[in-house]
Amino acid sequence: MYHPLVKWFAAFFLALLIFPTLQTHAEGQERLKVVSDTALSERLHEIVLDSPALGKQTPLRVLLPKGYDQHAKKKYPVLYMLHGCCGDYKSWTVAGDIENMTKDLPLVIVMPDAGRGGSYSNWYNDGAYGKPEWETYHINELIPWVEQSYRVKHTREGRAIAGLSMGGFGSLSYAARHPDLFLAAASFSGVVNTNLDPDFLEKTIFQNQENVPPGTVWGDRETHEIIWRSHNPWDLAENLAGMDLSIYTGTGQAGGPLDGGMASPVEEICYSMSTSMHNRLAELGIPHEWNSYGPGSHTWGYWKRDLAQTLPRFMTLFEHPPKAPRPFSYKTAESVFSIYGWTVQFNRKAEEFAEINQVSKAGFSLTGSGTAAVKTASWYHPKKRYLVKLHGKGNHKTMILKPDHNGKLKFNVRLSANPSKEEQNTIGVIIRKLD
């Protein structure tokens, strides 16, 4: 028994090292500390926070709706606006005219910093991981802090996210990795399929703007491709089903109306990526707003127009939010994930994508390797018994389980038909109330 146990723990801890887990977004609520809060205008505040995830102080700007202080009981939706490469948290207020553009909207706008080329990710750091953890800061620290500090809605129906260029990547990446957090997402000239030009990211954004050695952010592309793809919106497009999506891009060709007619090689790259993302969503049958507006460069005239066209769409959604999808499906390469109240923790050796599909109260299917510990959402009656039936290659098992006091069922799923090979397999799970 000794050697198999050693192998089990070795595989488990290897998986955790390859993909360190993100906390659920509620767990960061008390972690941030306010260093300063300066009013720049009646609506605009510049705030400095001390972030444990970043290991340093970080600034952001918050734009409040007109009359915020006079409406003490009103709760507002939140728009998270992400800046692009080489920009910062001030970009949308300095160059994007966002304060004037939103002067009559009942909306809180949060504009965090993300480093000149931080790419909205927790960095690999040659396998050591650690700081900076941009995703942990934005998702697990900042969102709970905003919802504690301001009168805003605390649900998916009250949050949207948008960004330009690198921020367009961040918008769709965060939306695809955390679809239970956002009602809508928009990308303006976004870097939304990193498979097409990884050298552009590695050299132009990571190395040139962050001044870090190759492989620092997501590891070497050849040896750690799964880490790259686990953040890539194109690879995670399935997760965006049920979300309102907008993709804007120019072609990068000369002759556009808002830039003096200049050409833009960077916009050409973003056009190729955005078109690829559009095609992928269309292939999956996922509705989205696609605005390929022809000649135009990678400049602010277009991004301001993109935002002006997107804001009415967001406000309509906030007024009449559609329900979150159910059943839902989710694809990830993380060894532990939480989505819509469900938590799955894998014990496996492989770096790979796994999927949980068609999740409903009646069951789901799980695709992956190794074993998985499943904890359901609070969908079940704590005083009832449930039949849980597993069926698939190499695994036919029936259990009678009782939920915990929160209405959550807990059970393990053996995925690999042959544990020594740990090949991917799909196991179906049926859940049925007995009494």
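**Where the two domains meet**

Trainee: How much area is buried between domain 1 and domain 2, and what share of it do carbon and sulfur atoms give?
Mentor: In this predicted model, carbon and sulfur atoms account for 53% of the area buried between the two domains. The total to which that share belongs, counted between domain 1 and domain 2, is about 1000 Å².

Trainee: Which three residues supply 45% of the area that domain 1 buries against domain 2?
Mentor: No other three residues of domain 1 supply more of the area it buries against domain 2 than this set does. Its members, which together give 45%, are Asp180, Ile226 and Asn239.

Trainee: Where does each domain lie along the chain, and how far apart are their C-alpha centres?
Mentor: Domain 1 covers 33-319, and domain 2 covers 328-433. Although twelve residues of domain 1 are in contact with eleven residues of domain 2, the C-alpha centres of the two domains are separated by 32 Å.

Trainee: Which residue forms a salt bridge with Glu334?
Mentor: Between the two domains the count is two salt bridges, and there are also six residue pairs in polar contact. For the salt bridge that involves Glu334, the closest N and O atoms are 3.0 Å apart, which is within the 4 Å cut-off. The partner of Glu334 is Arg177.

Trainee: Which element gives the largest share of the side of domain 1 that touches domain 2?
Mentor: Two elements give two or more residues to that side, namely helix H5 (166-177) and helix H7 (225-231). The largest share, three residues, comes from H7.

Notes. Residues numbered from 1 in each chain as written. Predicted model: local features only at pLDDT ≥ 70, side-chain atom pairs only at ≥ 80, totals over all residues. Heavy atoms only, no water. Domains from an automatic or database assignment. Contact = heavy atoms within 4.5 Å. Buried area = accessible area lost by both parts, 1.4 Å probe. Salt bridge = Lys/Arg side-chain N within 4 Å of Asp/Glu carboxyl O. Polar contact = N/O pair within 3.5 Å; in protein donor to acceptor, adjacent residues only side chain to side chain. Helix = DSSP H or I, 4+ residues; strand = E, 2+ residues; numbered from the N terminus.
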